[in-house]
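Trainee: I should like to go through the assignments made for a protein chain and ask, for each, on what grounds the label is given.

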Amino acid sequence: MDQFRPLRRIQVEPEPAQPAPPAAGAGGDAERDESPAPAAGLLMGAKVRRRAAVYRDCKGDYIGVPNDPCLTKILSKQGDNKVLFADKVLKFTQSGKMKRRILVITDFALYLVDPDADILKRRIALAAVDKLCISNLSDNLFAIIVPTEYDCLMASTRKKEIVNVIVKAIKSTSEYEPEVASSNRFEYLAAAEVIKVVEFEDVDGGIKTRITNKEKS
């Protein structure tokens with residue numbers, strides 16, 4: 001997967017903060033970092049033109065899944081062969097670090113693959129997705145809410161397309177439509193008992209995004 005290139009619209013500026021207490025991830029496969037990392041940070045994303053996002057052609061597979069032996073093997077083991085979307089993304093760990101991932105969406109599940117190790121890091125059944133959270137601004141972040149496991153915060157320049165593909169895929173195979181919550185503040189479960197708050201602010205030259213641990217009441 002040498003075609004993987006990091007997104008350029010993301011810049012993280014760590015703030016001094018107490019590290020989050022260690023917790024086991026629900027679902028058994030939450031990604032962890034052995035070295036401590038700041039629990040909060042400022043994420044600055046350059047504004048993108050809304051019109052470009054609306055009229056961009058939806059190609060679907062931006063990776064070339066049929067030509068990638070690792071991805072085809074992963075999907076075949078799960079009995080999946082209909083790829084609706086595939087592209088590079090950034091995935092946030094529970095400590096706030098960003099990891100490069102390949103996101104593959106089929107008509108049954110979401111796959112997050114480590115492009116450096118060619119390893120499947122997580123599989124989320126579409127039936128388990130309850131809600132998608134996005135902001136009202138033109139940033140690149142979105143959260144996938146999975147009540148039976150733990151949630152997933154990611155960044156992609158194709159956020160709008162990813163959300164649309166997930167919603168349509170779930171509607172086509174079930175009798176419900178997942179909620180798409182649009183707000184400049186939302187929460188997500190990063191790991192067991194680790195809730196993070198994501199806040200967005202429109203500033204000159206871009207969008208400031210703050211990700212912090214939610215204080216326990």
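The conversation below takes the labels one by one and sets each value against its cut-off.

Mentor: Please keep in mind that this is a predicted model. The chain has three helices and 13 strands, and 46% of its 217 residues count as buried.

Trainee: What makes Asp87 and Arg158 a salt bridge?

Mentor: The closest N and O atoms of Asp87 and Arg158 are 2.6 Å apart. The cut-off is 4 Å between a side-chain nitrogen of Lys or Arg and a carboxyl oxygen of Asp or Glu, so the pair qualifies. By this rule, the count for the structure is ten salt bridges.

Trainee: Which parts of the chain does the pair of Asp87 and Arg158 link?

Mentor: The pair links distant parts, 71 residues apart. Asp87 belongs to strand 3 (residues 83-92), while Arg158 lies in the loop between strand 9 (152-155) and helix 3 (159-173).

Trainee: Why is Asp87 called buried, and why is Arg158 called buried?

Mentor: The label requires a relative accessible area under 20%. Asp87 has 2%, so it is buried. Arg158 has 18%, which is also under 20%, and therefore Arg158 is buried.

Trainee: How do you know that Glu177 and Lys171 form a salt bridge?

Mentor: Their closest N and O atoms are 3.7 Å apart, and that value is within 4 Å, so the pair counts. Lys171 itself has a relative accessible area of 44%; this value is neither under 20% nor over 50%, so Lys171 is partly exposed.

Trainee: What labels do Glu201 and Lys208 receive?

Mentor: The side chains of Glu201 and Lys208 meet in a salt bridge at 3.4 Å, N to O. Glu201, at 40% relative accessible area, is partly exposed because the value falls between 20% and 50%. Lys208, at 23%, is partly exposed for that reason as well. Elsewhere, Arg185, Glu187, Glu199 and Lys214 are joined into one network by salt bridges that share partners.

Trainee: Why is Lys159 called buried?

Mentor: Lys159 has a relative accessibility of 9%, and the cut-off is under 20%, so the label is buried. Lys159 is found in helix 3. Beyond its neighbours within four places in sequence, Lys159 is in contact with Ile134, Ser135, Leu137, Asp139, Asn140, Leu141 and Phe142.

Trainee: What makes the approach of the Lys159 side chain to Asp139 a polar contact?

Mentor: The side chain of Lys159 reaches the backbone oxygen of Asp139 at 3.2 Å. The cut-off for a pair of N or O atoms is 3.5 Å, so the distance satisfies it.

Trainee: Which label does Lys82 receive, buried, partly exposed or exposed?

Mentor: Lys82 has a relative accessible area of 48%, which is not over 50%, so Lys82 is partly exposed. Lys82 is located in the loop between helix 2 (69-77) and strand 3. Not counting residues up to four places away in sequence, Lys82 touches Ile105, Thr106 and Asp107. The C-alpha atoms of Lys82 and Asp107 are separated by 6.4 Å, although the two residues are 25 apart along the chain.

Trainee: What makes a group of residues a nonpolar core?

Mentor: The members are buried residues of listed types, joined through side-chain atoms within 4.5 Å. The largest such core has 25 residues, and Leu103, Ile105, Leu110, Ile144, Met154, Ile162 and Ile166 touch the most other members. Helix 3 gives the most to this core, with seven residues. A second, separate core of 19 residues includes Phe92, Ala143, Ile145 and Val198. In soluble globular proteins, nonpolar side chains tend to be buried together.

Trainee: Why are Cys70 and Cys133 called buried, and how many disulfides does the structure have?

Mentor: Cys70 has a relative accessible area of 14% and is therefore buried, the cut-off being under 20%. Cys133, with 3%, is buried on the same ground, because this value too is under 20%. As for disulfides, a pair of cysteine sulfur atoms within 2.5 Å would be required, and a search of the whole structure finds zero.

Technical notes:
Residues are numbered from 1 along each chain as its sequence is written. This is a predicted model: local features need pLDDT of at least 70, side-chain atom pairs count only at pLDDT 80 or more; totals for chains, interfaces and linings use all residues. Side-chain values use heavy atoms; hydrogens and water are left out. Helices (H or I, at least four residues) and strands (E, at least two) are DSSP runs, numbered from the N terminus. Buried means under 20% relative accessible area, exposed over 50%, partly exposed in between (1.4 Å probe, protein chains only). Contact means heavy atoms within 4.5 Å. A polar contact is a pair of N or O atoms within 3.5 Å; within protein, one must be able to donate a hydrogen and the other to accept it, and residues adjacent in sequence count only if both atoms are side-chain atoms.
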